[in-house]
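This briefing goes through one protein chain by topic. Look at the sequence and the structure first, then read the points below.

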Amino acid sequence: MLILTIRTDKPEAEIGLFDDAQEIKYEKWEAHRKLAETIHQKIKDILDSAGKDWADIEGVVVFKGPGSFTGLRIGLAVGNALASSLNTPIIGTTGHDWVQKGIRILLTKPSRAVVIPEYGGAVHTTLPKK
């Protein structure tokens, strides 16, 4: 199973490509405020380097938090959109072993449920100023 992993909770974003639990390629880059502009090209580049295409993705694992509100929102939107458009399962995990945990779950209990971010605290919104 070709699995794409995505982590976008901090300024340094990470994506990986795995054949089941075997790493094919893993990349980190300073995405910071350019995450939305760079993530799709980075995924395309990692797929191209492995001789794969978007349609070859058979599962997605995303880091769901805690972390940056905007970073998690972008990463999970990309992961959920890919999984939905490819009709493939998606798993959201946390912790230092998020990749291995996510792949293990994906290979044993795949889920097509949307992954919701865990920001690590209560949502804080401000009231409109008149």
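A residue is called buried when its relative accessible area is under 20%, exposed when it is over 50%, and partly exposed in between. The model shown here is predicted. Its 5 strands form an open sheet, and its largest nonpolar core has 33 residues.

**Loops and unusual backbone angles**

- D20 sits in the loop between β2 and β3. With a relative accessibility of 32%, D20 falls between the two limits and therefore counts as partly exposed.
- The phi angle of D20 is positive, near 55 degrees, and D20 is not a glycine.
- N87 belongs to the loop between α2 and β5. Its phi is also positive, at about 55 degrees, although N87 is not a glycine.
- N87 has a relative accessibility of 53%, so it counts as exposed.
- A cis peptide bond runs from G65 to P66, with omega near 5 degrees. P66 is part of the loop between β4 and α2.

**The sheet**

- In general, the strands of a sheet pair through backbone hydrogen bonds, and the pairing is either parallel or antiparallel.
- Here the strand order is β3-β2-β1-β4-β5, and the pairing is mixed.
- The edges are formed by β3 (22–30) and β5 (90–93). Each of these has a single partner strand, so one side of each has no neighbour in the sheet.
- On average, neighbouring strands are turned by 15 degrees against each other, with direction ignored.

**Strand pairs and hairpins**

- β1 and β2 run antiparallel and are joined by 6 bridges. In this pair, I3 stands opposite F18 of β2.
- The hairpin from β1 to β2 passes through 4 residues.
- β2 and β3 are also antiparallel, with 8 bridges between them. G16 faces Y26 of β3 across this pair.
- The hairpin of β2 and β3 has 2 residues between the strands, and D20 with its positive phi is in this turn.
- β4 (residues 59–63) pairs with β5 in the parallel sense over 4 bridges. The bridge partner of F63 in β5 is T93.
- How many of the 8 residues of β2 are buried? The number is 6, and the strand is mostly covered.

**Helix packing**

- Two packed helices are described by the angle between their axes and by the distance between those axes.
- Helix α1 (residues 35–49) packs with helix α2 (residues 69–86) at an angle of about 35 degrees, and the axes are 10 Å apart. The crossing of α1 and α2 is right-handed.
- On the α1 side, the contact is made by L35, A36, I39, H40 and I43. On the α2 side, G71, I74, V78 and L82 take part.
- Which kinds of residue make up this contact of α1 with α2? There are 7 nonpolar residues, 2 polar ones and no charged ones.
- α1 also lies across β1 (2–7), β2 (12–19) and β3, and runs at about 150 degrees to β3.

**The nonpolar core**

- Which residues of the largest nonpolar core touch the most other members? They are I6 and I43.
- At least two residues of this core come from each of β1, β2, α1, β4, α2, β5 and α3 (98–108).
- α2 supplies the largest share, 6 residues.
- Leaving aside residues up to four places away in sequence, I6 touches residues that include E14, I15, V60, V61, V62, F63 and W98. I39 and I43 are also touched by I6, and both of them take part in the contact between α1 and α2.
- G75, V78 and G79 are likewise among the residues that I6 touches. V78 is one of the α2 residues in the helix contact.

How values were computed: Residues numbered from 1 in each chain as written. Predicted model: local features only at pLDDT ≥ 70, side-chain atom pairs only at ≥ 80, totals over all residues. Heavy atoms only, no water. Axes fitted to C-alpha atoms, helices over the stretch in contact; angles between N-to-C directions. Left-handed = near helix turned anticlockwise from the far one by under 90°. Contact = heavy atoms within 4.5 Å. Nonpolar A, V, L, I, M, F, W, Y, C, P; charged D, E, K, R; others polar. Pairing = 2+ DSSP bridges. Buried < 20%, exposed > 50% of the residue type's maximum accessible area, 1.4 Å probe, protein only. Core = buried A, V, L, I, M, F, W, Y, C linked by side-chain atoms within 4.5 Å.
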